[in-house]
There are 2 protein chains.
Amino acid sequence: MYTVSTSNHRYHHGNLRQALVDAALALMVETGGTDFSLREAARRVGVTVNASYRHFRNKDALMVAIAAEGFRRFGRALMEGALEADDPQGRLLGSGRAYVRFARANPSLFRLMFSSFNVGRQEEELTLAGNQAFDVLKSGLATFLDKPADSPDVAVAALRAWSLAHGLSYLILDGQLAHLPLDEDTLIERVISNHAG
Amino acid sequence: MYTVSTSNHRYHHGNLRQALVDAALALMVETGGTDFSLREAARRVGVTVNASYRHFRNKDALMVAIAAEGFRRFGRALMEGALEADDPQGRLLGSGRAYVRFARANPSLFRLMFSSFNVGRQEEELTLAGNQAFDVLKSGLATFLDKPADSPDVAVAALRAWSLAHGLSYLILDGQLAHLPLDEDTLIERVISNHAG
């Protein structure tokens with residue numbers, strides 16, 4: 001493998017990978033999408049595109065890693081949202097609020113994570129991160145419903161909570177609620193709250 | 001206005017407009033998106049692009065008309081869904097099922113209707129068609145909740161039902177539920193039913 005670093009930085013294996021993911025995430029925020037190259041991400045961290053090939057064979061591979069990083073952050077956000085309250089219902093609502101908040105704060109990342117781009121990819125990192133995020137909702141609902149986390153009722157309830165938060169997030173991201181007389185925070189609170197209430 | 005028809009067809013004013021909308025809808029189905037020109041839609045109905053300018057000043061104007069046509073069909077589908085039952089809850093569930101069914105049957109049209117492309121356009125036809133579709137959900141919920149259709153509770157409940165059906169539709173369209181062990185129809189039935197149940 002011939003890699004030439006044009007940079008003064010020295011990256012250990014894991015560091016360069018993470019640096020490329022971070023650079024790509026920053027590029028997504030700046031460009032509002034995923035319309036940039038692996039070369040641009042490499043340039044951003046000060047290495048050649050050849051050096052980046054050690055970690056990502058192409059841009060798609062980088063996108064998968066970004067989606068996985070997105071799901072890890074998303075899972076943490078849902079957990080932190082649950083910590084806003086002590087009771088099972090309050091914890092669920094906290095996760096629901098955190099779901100929509102994450103979508104609003106990271107629109108391009110959110111769209112990438114849930115786009116068909118990821119479907120059918122047998123990438124362990126992505127599957128794991130996605131499942132961990134969904135498990136936060138499942139575990140919150142298992143407690144709330146007082147049923148085992150692997151019961152069908154919990155799975156359906158989690159999918160319902162997911163659909164609700166997902167639909168509200170998309171309606172907001174796509175500007176479909178901009179004409180409503182309520183401010184968005186009140187709207188989210190009322191739509192999410194009454195659901196579990 | 002210099003328009004030359006290359007066709008043997010003779011279109012009255014309203015007929016050509018609708019013919020262009022129908023042609024564009026067919027092109028969306030065939031191409032799986034909106035990546036075609038006004039010229040292609042005109043060619044499809046056998047008129048020049050100049051003739052099409054009498055009805056649509058550019059492709060965006062055609063897209064707005066398509067979205068409005070989509071919302072009219074969507075509104076009718078929600079109403080027909082409500083007719084699947086006689087009781088208020090059954091009618092709501094019928095509309096919910098019809099919502100997701102419409103999204104699955106018309107993925108490109110559904111995405112166009114709810115995309116940010118339409119936001120902020122003060123197009124009377126589009127606003128009217130969109131409101132009429134949403135009013136089907138509102139009126140169903142007003143009956144179900146036994147409250148006036150213009151009450152805040154009904155508005156929030158309608159937005160919740162909309163979010164739920166919208167989120168489930170997007171999760172299905174984007175292939176996010178393909179890995180689940182349930183078939184999609186069962187999934188939709190359980191997610192939608194338990195909500196209003």
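This passage describes a predicted model of two chains, A and B, starting with confidence and overall make-up and ending with the contact between the copies.

The predictor assigns the complex an ipTM of 0.89 and a pTM of 0.90. For chain A, the mean pLDDT is 89, and 91% of its residues reach 70 or more. The beginning of the chain is a place for some caution: over residues 1–6 of chain A the pLDDT is below 50. Beyond near neighbours in sequence, that stretch nevertheless has 14 contacts in the model.

Chain A is built from nine helices and zero strands. Read from the N terminus on, its elements therefore give the run α-α-α-α-α-α-α-α-α, with helices defined as DSSP runs of at least four residues. Taken along the principal axes, the C-alpha atoms of chain A fill a box of roughly 60 × 40 × 30 Å.

Two helix pairs give a good feel for the packing inside a chain. Two packed helices are described by the angle between their axes and the distance between the axes. In chain A, helix 4 (residues 59–82) packs with helix 7 (residues 124–145) at an angle of about 15°, and their axes are 8 Å apart. This angle makes helix 4 of chain A roughly parallel to helix 7 of chain A. The crossing of helix 4 of chain A with helix 7 of chain A is left-handed. On the helix 4 side of chain A, the contact includes Val64(A), Phe71(A), Phe74(A), Leu78(A) and Met79(A). From helix 7 of chain A, the residues taking part include Leu126(A), Ala129(A), Ala133(A), Val136(A) and Leu137(A). Sorted by class, the contact of helix 4 of chain A with helix 7 of chain A has 14 nonpolar, four polar and two charged residues. Arg72(A) of helix 4 and Glu125(A) of helix 7 are among the residues that make this contact.

The second pair is taken from chain B, where the axes of helix 5 (residues 88–105) and helix 8 come within 9 Å and cross at roughly 30°. Helix 5 of chain B is thus roughly parallel to helix 8 of chain B. The crossing of helix 5 of chain B and helix 8 of chain B is right-handed. Here Gly96(B), Tyr99(B), Val100(B), Ala103(B) and Arg104(B) of helix 5 meet residues of helix 8 that include Ala161(B), Leu168(B) and Ile172(B). Eight nonpolar, two polar and one charged residues make up the contact of helix 5 of chain B with helix 8 of chain B.

Turning to the arrangement of the two copies, a turn of 180° and a shift of 0.0 Å along the axis lay chain B on chain A with an RMSD of 0.0 Å. The copies are thus related as by a two-fold rotation axis. Within chain B, the C-alpha nearest the axis belongs to Gly167(B), at 1.7 Å from it.

The contact between the chains takes 23 residues from chain B and 23 residues from chain A. On the side of chain B that touches chain A, helix 8 (152–173) and helix 9 (184–196) of chain B each supply at least two residues. The largest share of that side, eleven residues, comes from helix 8 of chain B. By class, the side of chain B that touches chain A divides into eleven nonpolar, nine polar and three charged residues. Because 100% of the interface residues of chain B are also interface residues in chain A, the copies meet through the same surface.

Helix 8 also meets its counterpart across the interface. The axes of helix 8 (residues 152–173) of chain A and helix 8 of chain B come within 6 Å and cross at roughly 95°, which means that helix 8 of chain A is roughly perpendicular to helix 8 of chain B. Residues of helix 8 of chain A in this contact include Leu164(A), His166(A), Gly167(A) and Tyr170(A). Those of helix 8 of chain B include Leu164(B), His166(B), Gly167(B) and Tyr170(B). The contact of helix 8 of chain A with helix 8 of chain B has ten nonpolar, six polar and two charged residues.

Key: Residues are numbered from 1 along each chain as its sequence is written. Chains are lettered from A and ligands numbered from 1 in the order in which they are written. This is a predicted model: local features need pLDDT of at least 70, side-chain atom pairs count only at pLDDT 80 or more; totals for chains, interfaces and linings use all residues. Copies are superposed by least squares on the C-alpha atoms of residues with pLDDT of at least 70 in both. Two residues are in contact if their C-beta atoms, placed from the backbone, lie within 7 Å. pLDDT is the predictor's confidence in each residue, from 0 to 100. Ala, Val, Leu, Ile, Met, Phe, Trp, Tyr, Cys and Pro count as nonpolar, Asp, Glu, Lys and Arg as charged, and the others, Gly among them, as polar. Axes are lines fitted to C-alpha atoms, for helices over the stretch in contact, and angles run from 0 to 180 degrees between N-to-C directions. Angles under 35 degrees count as roughly parallel, over 145 as roughly antiparallel, 65 to 115 as roughly perpendicular and the rest as oblique. A crossing is left-handed if the near helix is turned anticlockwise from the far one by less than a right angle, and right-handed if clockwise.
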